[in-house]
4 protein chains.
Amino acid sequence: MQTDITGRLLISCPDRPGIVAGVSQFLYACGANILDASQHSTDPKEGLFFMRMSFQLDNPSFTKEQLEKDFQEKVAAPRQMEWRIDYPDRRKQMVIMVSRYDHCLMELLWRWRSGELPVDIPLVISNHLELKQFVEDFGIPFHYLPVDAGNKPLQEQEAIKLIRRANADFIVLARYMQILSPEFVSVFPGRIINIHHSFLPAFAGANPYRNAYNRGVKLIGATAHYVTNDLDEGPIIDQDVARVSHKHEVTDLILLGRDIERQVLTRAVIAHIDDRVIIHGNKTIVF
Amino acid sequence: MQTDITGRLLISCPDRPGIVAGVSQFLYACGANILDASQHSTDPKEGLFFMRMSFQLDNPSFTKEQLEKDFQEKVAAPRQMEWRIDYPDRRKQMVIMVSRYDHCLMELLWRWRSGELPVDIPLVISNHLELKQFVEDFGIPFHYLPVDAGNKPLQEQEAIKLIRRANADFIVLARYMQILSPEFVSVFPGRIINIHHSFLPAFAGANPYRNAYNRGVKLIGATAHYVTNDLDEGPIIDQDVARVSHKHEVTDLILLGRDIERQVLTRAVIAHIDDRVIIHGNKTIVF
Amino acid sequence: MQTDITGRLLISCPDRPGIVAGVSQFLYACGANILDASQHSTDPKEGLFFMRMSFQLDNPSFTKEQLEKDFQEKVAAPRQMEWRIDYPDRRKQMVIMVSRYDHCLMELLWRWRSGELPVDIPLVISNHLELKQFVEDFGIPFHYLPVDAGNKPLQEQEAIKLIRRANADFIVLARYMQILSPEFVSVFPGRIINIHHSFLPAFAGANPYRNAYNRGVKLIGATAHYVTNDLDEGPIIDQDVARVSHKHEVTDLILLGRDIERQVLTRAVIAHIDDRVIIHGNKTIVF
Amino acid sequence: MQTDITGRLLISCPDRPGIVAGVSQFLYACGANILDASQHSTDPKEGLFFMRMSFQLDNPSFTKEQLEKDFQEKVAAPRQMEWRIDYPDRRKQMVIMVSRYDHCLMELLWRWRSGELPVDIPLVISNHLELKQFVEDFGIPFHYLPVDAGNKPLQEQEAIKLIRRANADFIVLARYMQILSPEFVSVFPGRIINIHHSFLPAFAGANPYRNAYNRGVKLIGATAHYVTNDLDEGPIIDQDVARVSHKHEVTDLILLGRDIERQVLTRAVIAHIDDRVIIHGNKTIVF
């Protein structure tokens with residue numbers, strides 16, 4: 001017998017009066033208590049409404065399935081809602097892809113072991129061997145899929161197979177230095193998080209720290225975003241910067257940048273795990 | 001005929017299921033559209049619920065009075081709510097008290113003239129004459145109430161009279177360098193905002209920059225808070241800091257501090273004007 | 001009889017041993033006390049050395065002219081130095097150009113009146129009339145030079161004449177919304193400071209806040225830089241950012257951006273006044 | 001035969017003309033090239049001068065001993081200098097003391113392995129066993145010295161013995177939750193770095209996050225400082241803060257605080273390793 005369901009309801013729909021009332025009335029009638037709610041309306045021209053409601057339901061007569069069925073019929077369908085409910089009691093499956101740099105990986109694995117990231121990590125995939133031991137020391141399987149000029153499509157297929165077999169909910173590119181093909185990206189839409197080592201849209205593409213140095217900027221940054229087929233142009237989840245000066249050589253920027261990358265990627269991953277991010281076109285709503 | 005009411009509903013009450021449903025259902029039934037909603041529950045032991053809902057009501061059959069009467073009867077009374085509705089179409093009356101430093105005053109008046117602060121400023125009160133011309137150039141009446149060892153109670157009574165006559169909603173101490181008596185404070189509970197030139201609770205009282213210098217801190221700060229009878233211990237609305245080093249003499253800290261004071265006080269005043277602050281004991285909820 | 005000279009010596013030259021020794025020995029021999037010194041060496045491949053030394057000279061037998069003549073002969077010439085000495089006792093002449101937005105202008109004028117900007121402001125030039133009264137209230141002459149499709153070269157010539165007549169040391173574009181011609185820029189190389197309302201190189205050109213909104217960035221910024229003939233590509237002096245979210249509409253970004261623009265432009269102007277900026281190619285060294 | 005010495009000279013002495021000239025002239029005469037120099041003068045009343053100069057000496061006829069002997073005779077003695085030269089080619093020995101929390105330890109060890117901390121870590125001392133495996137996985141000896149009501153003096157003596165045997169240059173308390181006795185502190189004056197989990201002087205002592213929560217502050221912080229016999233009152237090396245709101249429970253503050261502690265402690269340790277910190281009374285000069 002299932003009791004005490006905690007859920008996070010995410011909604012996108014045309015904006016009109018009565019949505020909050022309808023949803024909260026439904027949850028109340030089911031015996032649920034609303035723990036937290038955030039909403040956002042776009043400008044009237046676009047006229048869209050977004051909401052995240054977390055609730056607790058301690059009603060033995062309800063299963064998740066029944067709740068969702070009722071919600072669809074009574075609330076969602078009449079209002080043309082796109083929606084989903086996530087249940088924190090089911091831990092998300094997070095796959096990490098990484099190349100040679102260990103700082104983002106280290107940050108994620110350390111926080112995961114500390115209990116800060118409530119996910120399972122069924123596997124780490126890398127195109128290099130350097131971090132194998134490091135990953136396995138955390139008790140996580142490491143898959144080596146080296147990529148060269150000829151085998152990329154093949155290795156991506158292999159990666160997709162591994163990721164699917166692991167029932168992965170999302171993929172984190174923790175400084176994975178290969179550009180994923182449109183085929184790969186299309187398999188996991190809105191489910192691949194990348195960390196780019198610049199303050200996008202400045203310095204997209206390769207060598208952002210070198211380019212930042214050449215331009216003489218006084219702040220460097222990092223950007224976590226969902227991957228789309230437009231390189232470094234996907235919806236931004238989080239960004240941050242650090243102050244630099246003429247004293248910083250490129251190598252200093254790289255070192256300092258590591259710390260920003262670690263923090264920004266972590267915040268984006270936690271927001272994603274908490275179901276606080278809604279993708280809307282090429283932008284995000286982060287509740 | 002009154003139409004198109006915009007309102008901001010603030011609620012504090014014991015936490016229990018159905019509050020959001022009850023309130024939003026009520027507003028929907030009245031024909032109101034919820035523009036924005038934020039809520040906060042304290043830990044279960046304390047068990048309190050706070051909410052801010054802004055709504056738009058375009059229903060010619062409703063007056064503000066009717067809306068409030070109905071809300072009290074149908075929603076608030078059964079749930080032991082403390083509540084109020086503020087209507088942005090009624091501009092708040094903001095009185096500023098200031099001594100000799102002009103930076104916070106300048107910031108507020110400039111933003112007010114730019115339209116960023118949707119308030120009226122019926123008067124400025126000062127215990128010094130230095131800023132008279134400056135204030136009057138903005139078309140605002142300036143009242144000079146000098147304070148000395150003997151006349152403080154008298155001058156405070158005079159200030160209270162002026163403030164009441166102006167129907168002031170709240171008072172901003174923009175570096176007013178006199179400690180207000182408990183009698184004065186008790187007349188305007190939760191309605192006096194002060195800017196203290198330190199990161200409270202560090203360096204409460206006089207000469208915070210001197211004390212920060214002597215302690216050798218690497219950040220200095222400012223704190224905007226509601227005034228209570230415990231000096232510098234009222235509920236904090238906002239705080240911020242700036243980085244300093246051994247190179248900063250006390251005079252440098254004072255200069256740098258000005259900028260933090262201006263920003264923090266402005267943010268706190270705007271939050272207050274927008275009805276985004278709820279005082280709860282000695283703390284604030286800032287939605 | 002001239003005594004008690006305070007000076008700021010700025011040097012660029014090929015890096016090699018003995019520069020600090022040579023310069024400090026020279027100043028010591030003249031009876032000067034070094035108050036502060038900063039230096040920077042570029043990477044060995046480029047091999048350049050930059051230094052700023054502020055000193056105090058209380059030697060009745062020395063004039064500024066003598067000091068500079070001796071320095072050139074004994075220290076600078078043998079080491080192929082580019083150098084200059086600025087004397088804070090001669091206040092720099094700062095001309096401001098502005099269009100309609102008052103926030104940067106207000107910030108500069110208020111700080112100037114407060115004594116924070118040790119300059120004279122001989123005139124303000126604008127292509128609009130809106131800020132005339134505002135400027136004249138500070139006791140500063142206001143020159144109206146409207147620009148249209150046909151008269152730009154003429155009005156620029158007029159501006160150059162006014163600026164030269166005022167013996168201006170540098171020009172601040174406090175949101176001056178006209179692109180200056182190469183002819184104008186070439187008259188004041190390294191002496192025009194602009195504030196651009198984005199985090200350059202992101203969102204160069206027109207409508208940066210609109211573009212930032214469309215891109216969905218989570219931070220907006222401002223950049224102060226010297227003007228060159230490449231639009232928004234001159235040497236950056238300072239930058240800063242503020243956090244934004246999906247809740248910020250374009251108008252919110254504009255409002256929030258104002259505060260960053262004010263701060264960044266102020267810091268850049270103060271650095272320039274203090275002779276702490278050396279331009280090196282398309283970058284700056286800010287001591 | 002020793003060549004190519006890199007050194008960092010740190011000086012404190014009475015301020016008077018000619019110090020920079022004297023020192024730089026000496027180094028030049030020895031054949032040294034000054035890589036970087038920073039100086040600081042206190043206010044004239046106190047009249048002290050501090051300088052850090054890093055230099056490179058490629059002169060086979062000089063040993064470190066000879067350099068230091070000459071410097072003392074020719075430069076330091078006549079000017080009553082306190083001074084020392086550190087040589088980066090001799091890696092400092094850093095001992096870490098820790099209790100149960102792993103976040104600061106993890107950060108230090110990870111950076112050490114990445115090569116960002118150019119030190120040796122001869123041992124880690126803990127009063128708990130939890131982190132033994134974690135430390136030994138890095139190849140670092142772990143010493144368990146449990147402390148109870150009765151054995152503290154004894155265990156401190158044991159710690160002193162271990163630290164001395166390791167020729168430790170300095171000790172980092174990476175969340176070591178025991179108060180060190182005056183006897184212990186006096187053995188390592190200016191050589192023990194602690195991380196305190198608040199923005200000192202606010203919330204000194206125990207439970208700073210709980211106290212910050214109760215006070216309702218809008219920023220929490222961390223402070224790295226040298227340990228003296230006045231609890232949490234030693235010279236501050238670095239501080240930082242993060243923004244919090246009414247939504248943060250004490251457990252959230254603790255989690256968020258971890259990240260600030262890690263960053264602040266790291267920056268302080270790196271400054272110490274780089275010989276950029278001079279202690280002056282109860283304050284620091286951090287070049």
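This note takes up the annotated domain, the relation between two of the chains, and the cysteines.

1. The structure is a predicted model, and the points below should be read with that in mind. The UniProt record, an unreviewed entry, places the feature "domain: ACT" at residues 8–90 of chain A. Over residues 8–90 of chain A, helix accounts for 29% of the chain and strand for 39%, while the C-alpha atoms at the two ends of this stretch lie 12 Å apart.

2. A turn of 180°, with a shift of 0.0 Å along the axis, lays chain B on chain C with an RMSD of 0.0 Å. The two copies are therefore related as by a two-fold rotation axis.

3. As for the surface through which these copies meet, 100% of the interface residues of chain B are also interface residues in chain C, so the copies meet through the same surface.

4. How many disulfides does the structure hold over all chains? The count is 0. A disulfide requires a pair of cysteine sulfur atoms within 2.5 Å, and in chain B the sulfur of Cys13(B) has its closest cysteine sulfur 18 Å away, in Cys30(B), which is too far for a bond. In chain C, the sulfur of Cys30(C) is 18 Å from the closest cysteine sulfur, that of Cys13(C), again too far for a bond.

5. Are Cys13(B) and Cys30(C) buried or exposed? Because the cut-off for buried is under 20% relative accessible area, Cys13(B) counts as buried at 2% relative accessibility, and Cys30(C) likewise counts as buried at 4% relative accessibility.

Definitions and conventions. Residues numbered from 1 in each chain as written. Chains lettered and ligands numbered in written order. Predicted model: local features only at pLDDT ≥ 70, side-chain atom pairs only at ≥ 80, totals over all residues. Heavy atoms only, no water. UniProt positions renumbered as here; feature names shortened; annotations may be inferred. Helix = DSSP H or I, 4+ residues; strand = E, 2+ residues; numbered from the N terminus. Least-squares fit on C-alpha atoms with pLDDT ≥ 70 in both. Contact = heavy atoms within 4.5 Å. Buried < 20%, exposed > 50% of the residue type's maximum accessible area, 1.4 Å probe, protein only.
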